[in-house]
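Reader: Got a minute to go through this one with me? I'd like to start with the cysteines.
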Amino acid sequence: MSGTRTRSQPDPMRGMLRLGVAAILAGIGIGFVGGGFRWCLDGANDLRGDLLDWASRLPGPGWLIPVVVTAAGAGVGTLIVRFVPLASGSGVQQVEAVAHGLDDPPPLRVVPAKFVGGLLALGAGLTLGREGPTVHMGAAIGAWVGRVLRVDPDDVRLLTTSLAGAGLGVAFNAPVGGGLFALEEVARSFRIRLLLATMLGVGVAVGCARIIIGDSPDFSVGDVAAPSVVILPIFLVFGAVTGLIGVVYNRLILTLFDGVKRFGSVPPEIRAALIGAVVGGLLAVDADAAGGGDTLSQNLLDGAHIALPTIAILLVVRFVVGPLSYATGTPGGLFAPLLAVGALWGVLFAALVNLAVPAGYDDWTVALIVVGMAAFFAAVVRAPITGIVLVMELTAVTTVTVPMLIATAAAVAVANAAGSPPIYDSLRRRMLAGRSTS
């Protein structure tokens, strides 16, 4: 009979149940591991701030202390990669390769390597994001749980994708943004099986992480008035220019990434330590010049008075030092530094607008900071919905949704028209090409 299932046919409900259980268990794992990583990183960042303050008061060459500390963190973080090569860099490109059947799911040993290596590199002050290690740790935990529960191999890949999104959700305390990241950026698919596993994994993971890190948005922002429809063309221009800046940023990442690798005769740990020394020197001059950038972004959102030339210098410095830090090959992501660059660019553009429209919208600066974060993220990563929702969850600001949509669409359109591929597409191709030639 056509309505009767034979014994040889798989039971789709049983498979879905096992997949759901795996997603929940893996979500618990990355929730506590990722939450612990964030807690440790917050402590490391506090220690670095105290160290910089202490070193600045020392007589003589106190600036050498952050130079040595950051160099050591970068060098040791890269040394860990020697033993676990898959732990290098963000990990997002590897997760995407798994989702598209181009690579095997990451093994569980990636988790301690990303945790310790990322903590050393980010805690020492490299301009890298916490989300890269957390995404990769989530993917590895998801794949491991799937193998332990003996789910179908295709579902192991699916769990790798779903729990990567859970890792991003934990990194930014942004569950919806994490889920969209898994669907829009990693899988580029909205299949019901993937959707349900992602919802379960992300929801459980962020819920567990909030036991450790709390449930407040990462950034505290006051009330922001909704911009008038009359001034929306300004956001369109802002987004278009942001798209061009994103193209330059992507090319700089790849140029420095490839350029550092050309010094093949120098051990990677030494190369990373030298770059770390440069970053440490910048930290000795200004603590906002390097690091993940969360404190800088919060200060900008708070309306801290920073001279416009200083804003421009910080924008240029962080525009370069982020890709340079990524070129070390140590564990660390790209997303968080992107948000700081977008925030600085928003402040700078707001100042230009104020020169042209001195009696205009009162909340130019805060609105353009929030919109700049989303638009620059989208210009580089090319995941516009993820970027918009992620920034909305990070800031709890929804009143600038319309200008954010317009600016982000313009940024993506301009970056695509310029022929610039999404950054993780380029990094994935380099990763796979490097393996084929090794």
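Reader: How many disulfides does a search of the whole structure find?
Author: Zero, counting a disulfide as two cysteine sulfur atoms within 2.5 Å. This is a predicted model, where local features need pLDDT of at least 70 and side-chain atom pairs pLDDT 80 or more, while totals for chains, interfaces and linings use all residues. Residues are numbered from 1 along each chain as its sequence is written, and side-chain values use heavy atoms, without hydrogens and water.

Reader: Why no bond for Cys 40?
Author: Because the closest cysteine sulfur, in Cys 208, is 17 Å from the sulfur of Cys 40, too far for a bond.

Reader: Ok, is Cys 208 buried or exposed?
Author: Cys 208 is buried, at 11% relative accessibility, whereas Cys 40 is partly exposed at 26%. Buried is under 20% relative accessible area, exposed over 50%, partly exposed in between (1.4 Å probe, protein chains only).

Reader: Switching topic: which domains are there?
Author: Domain 1 (13-213) and domain 2 (229-426), with bounds from an automatic or database domain assignment. Their centres, taken over C-alpha atoms, are 21 Å apart.

Reader: And how many residues does the contact take from each?
Author: 48 from domain 1 and 46 from domain 2, with contact meaning heavy atoms within 4.5 Å.

Reader: How many salt bridges across that interface?
Author: Three, where a side-chain nitrogen of Lys or Arg must be within 4 Å of a carboxyl oxygen of Asp or Glu.

Reader: What about the side chains of Asp 294 and Arg 130?
Author: Those two form a salt bridge, at 2.7 Å from N to O.
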